[in-house]
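These are my notebook entries on a single chain, written while I went through the model one query at a time.

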Amino acid sequence: MVSLLGVTLLALTLSAPAMAFFPIGGGVSTHVSITGTALLQKITETCKAVAEAAGHEFKPTGSSPGELVQACLGPTAPGDVSGAKFQSALQEIYTQNGLVDRDFVNSAPHHFNSEAFLEGRGLITEGMVAIKANIGKENFKAARETLGRVLHTLQVRQENKTKKKKHKRDNIAVRSGDHDFLRMMGIARSSVVCFVIDTTGSMSDDIEEARSVVYDLIDSKKGTQDEPSEYILVPFNDPDFGPMIRTTDPNKMKTEISKLRAQGGGDTPEMCLSGLQLALTGAPSSSNIYVFTDAIAKDIALKDTIVALMRSTKSVVSFFMTATGSRKRRSLAAASFEDYKDLALASGGQAIRVSKSELPQATDIVLDTSTSALVTVLQRARIAGGQETFPYLLDQSLKNITIYITGTSLTFTLTNPAGATQSNSETSGKLGTIQTVGNLWRIRLNADTQSGTWKIEIKSSQPYTLKVTGQSTITFVYDFVEKFTGPHSGYAVLSGRPQEGQPATLMLSVIGRKGPSSITVEEAGLITLSSSEAVTNGAMTDMGNGDFLVTVDAVPEGEFVLFLKGTDKLSNTKFQRQSTTQMSVSKVIIQAAVDSSAEPGEAFKLPFSIMSMGAGGKYTINARNDRDFPMTYPNSLSLSTGQYVNSTLTITPSSATESGTDVTLTIEAKSESGVDSNYAVLRLSVITKITDFIPPKCEMSVLADNCPKDVLQCGPFRWELSANLTDGNGSGIKSVSLNQGNGTFTHTTLDASVVNAYYNASCCSQIVEIVAVDEVGNVGTCYHSIIRSAGFPATTLSMPVWLCFLVSVFVVRF
């Protein structure tokens, strides 16, 4: 039995010229196109298996990511589903694949140069161990990143001849189960929803309302495409926060949140940002995070780290802040609430300030935003009062359009494309329904909303924010990137802020309702959200398949977001979309890369480099990790303009750390004046050293003599197979399952030294494959076919992953 992970990784190394990712102009094979083609094939196979097991046909209506996801999840759940998370997951793998050409350009093992064959093999073996362990802990982002790097090393030595192999589905899918494999690849209905809840003594009413919201969310969205793919709960108090509880089971989430009790506290400030940090690093990217508290943040020193994590993950954070009595007078000082407003705005969320009695009316926003295919049409913020009119485009694909305004002492008038108007005083008018609670205005437009240009005029004497959202499968994913040179030049995703004084470059993937051909992209650029609004259009290079390279020569000052305009060809209506996460520029550059895992109890050294393109001088260095592992690094560095300074961070995971745990590191550099800063966000996996690379073995006995040679006469006859599965001196068998076959399958208890498996089927079902996975993720199979073929009996073969790889490379090279 050839290990399935080895076969799959080999299948992903279809030969092509070794070129970097994201080439401009197209027409050639690249690491990305090679990886993408093979990954999509694997995902399609897995989706087909899942669909058939659920009893429905896997039949995508087209080739777009959304249509593939819709077909994979099944046709019975009502509602639209977005392909954005699937696209983002693929991009994460592609990105790490390409970064090997930048970060390890001179590393012989990464490129199998200078006869560094054994070292290269070691990188692949270590990577596969990390992938298995990460999936076991549901650290899917870490698994994707490692997979991208491993695939690059596998592909780089291939030549221009295509090696086609028959192969079975990805060992990764077998190790994790088909459903977790699809989750790793971003194939899920709605986004993940995460609740970060203050559990101090004054929070009884708030906890009860949060519990009610979770129950309503689960019950109202069950069985629809809006049903969350995962639930996360992070409690916090003082001085404690966590643990993070995560589950895909809605009933378990109900149980966990029902256990929350308000207790302790009393000194007002709480560990709010520590709880939020845990949520941002533990939840997948683009999650919706809702924070419930009635106190200021005691750990406000984490604010810059939280901003860095929000920008890195693109998760949206909304705050629900309440208070009563004396606690209100202490905790709702303007400066403290401003911190929450800053964080909410930076992520594209809301900062809602209400009394405890008003909280139930404010939580409708949770049901609004925890939906599939949620897009932002417009987002603005104004730091001073005044009168302004904001135009925005609504296209025919949009549903459930909602407008949010946070602020006090304001009025507004809404105008549709036909000229009909509705003011803020009309709670139920011809254009929509208006709800007011605390500092939040929520306007839900009527279902018969017209497509075209709408306007909202706002008059205010105080700061306010405006956001327009809806549901649509027309969306985009993006990253800021920088070009790198070398033998295989390309574009690498920025971990921190773009460089000030330089053009900003973005990699943009636009998703239409029926694939890239169903939309036309006409305009993309950057726009500031502040009162000094500035718009900068970008120059677009069409890279094919919905991907665009966007270059903005002059980046706006202040905080900005990406905007996109185009035409939906299916409805012939103009559309407008906007990113939610704010970004700004910096003159500081931080470079760091993780390419190996750490071991529990062992010091891990991470080199990093910092340069300032502005004024030199002393820069404060601050690093944090979400596991509270001890770290050492320089507190400051002296920089000269235009020159990198190299340094090292050392982190030591505790000896009790479970294998597969991932650690999120943030490294920040700030000028002595505090005017300029930048950050890098990295993930490090902690993996217990594994010496067991041998998969479980299978010995079979088959009784199939009664099966006729003529398959047309198979109906009345049956055959059977019995198998002894062993793991020798390995880690022990963890699971046994039927991967192919339509017969009856049973097996004995897994804790025995020999696991007996039995299979009985009609002679019409002629192939069986039984899969055994050991405790460290090695996969073995029992495969048998009763198909009579000329002199080639069905056999099994055991071969370690690394030997399978060695054989394949030997064949390619010689």
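How many helices and strands does the secondary structure of the chain come to? I am working with a predicted model, and in it I count 18 helices and 39 strands. I then looked up burial for the whole chain, and of its 814 residues 57% count as buried. Among contacts with a separation of 6 or more, 74% are made by residues 24 or more positions apart.

**Entry: two open sheets**

I traced an open sheet of 5 strands with antiparallel pairing, and its order reads S17-S16-S18-S22-S21. Its edge strands are S17 (490–493) and S21 (539–544), each of which pairs on one side only, and the twist from one strand to the next averages 35°. At one end of the order, S21 and S22 (residues 547–552) run antiparallel and are joined by 5 bridges, with Thr-551 in S22 as the bridge partner of Ala-539. I also noted helix H4 (residues 84–103), which lies across S16 (475–484), S17, S18 (504–511) and S22 and runs at about 5° to S16.

The other sheet I followed is open too, with 4 strands in the order S25-S26-S30-S28 and antiparallel pairing. S25 (588–592) and S28 (631–632) each have a single partner strand, so one side of each is left without a neighbour in the sheet. S28 pairs with S30 (residues 645–651) over 2 bridges in the antiparallel sense, and Thr-650 in S30 is the bridge partner of Thr-632.

**Entry: helix H13**

I checked how far helix H13 (residues 303–313) is covered, and found 9 of its 11 residues buried. Among these buried residues are Lys-303 and Arg-311, together with Ile-306, Val-307 and Leu-309. Just after H13, Lys-314 takes a positive phi of about 60°.

**Entry: salt bridges**

The structure holds 34 salt bridges, and I looked up three pairs and one network. Lys-254 and Asp-219 meet through their side chains at 2.8 Å, N to O; Lys-254 lies in helix H11 (residues 250–258) and Asp-219 in helix H10 (residues 204–221), so the pair ties together parts 35 residues apart in sequence. Lys-254 is buried at 19% relative accessible area, whereas Asp-219 is partly exposed at 49%.

The side chains of Asp-368 and Arg-444 form a salt bridge at 3.0 Å, N to O, which links helix H17 (residues 364–369) to strand S13 (residues 440–445) across 76 residues. Here Asp-368 is buried at 10% relative accessibility, and Arg-444 is partly exposed at 26%.

Asp-662 and Arg-627 meet at 3.5 Å, N to O. Asp-662 is in strand S31 (residues 661–671) and Arg-627 in the loop between S27 (617–625) and S28, so this pair ties together parts 35 residues apart in sequence. Asp-662 is buried, with a relative accessible area of 4%, while Arg-627 is partly exposed at 35%. The network that I noted links Glu-138, Asp-180, Arg-183, Glu-230 and Arg-246.

**Entry: Asp-727**

Which side chain of opposite charge is nearest to Asp-727? Lys-697 is, at 7.4 Å, and Asp-727 is buried yet has no salt bridge. Asp-727 sits in the loop between S34 (718–726) and S35 (733–740), where a polar atom of its side chain lies 3.1 Å from the backbone nitrogen of Ser-731 and one lies 2.9 Å from the backbone nitrogen of Gly-732. Leaving out residues up to four places away in sequence, I list among the residues it touches Asp-692, Asp-774, Pro-695 and Pro-696.

Methods:
Residues are numbered from 1 along each chain as its sequence is written. This is a predicted model: local features need pLDDT of at least 70, side-chain atom pairs count only at pLDDT 80 or more; totals for chains, interfaces and linings use all residues. Side-chain values use heavy atoms; hydrogens and water are left out. Buried means under 20% relative accessible area, exposed over 50%, partly exposed in between (1.4 Å probe, protein chains only). Lys and Arg count as positive and Asp and Glu as negative; His and the chain ends are not counted. A salt bridge is a side-chain nitrogen of Lys or Arg within 4 Å of a carboxyl oxygen of Asp or Glu. A polar contact is a pair of N or O atoms within 3.5 Å; within protein, one must be able to donate a hydrogen and the other to accept it, and residues adjacent in sequence count only if both atoms are side-chain atoms. Contact means heavy atoms within 4.5 Å. Two strands pair if DSSP finds at least two bridges between them. Axes are lines fitted to C-alpha atoms, for helices over the stretch in contact, and angles run from 0 to 180 degrees between N-to-C directions.
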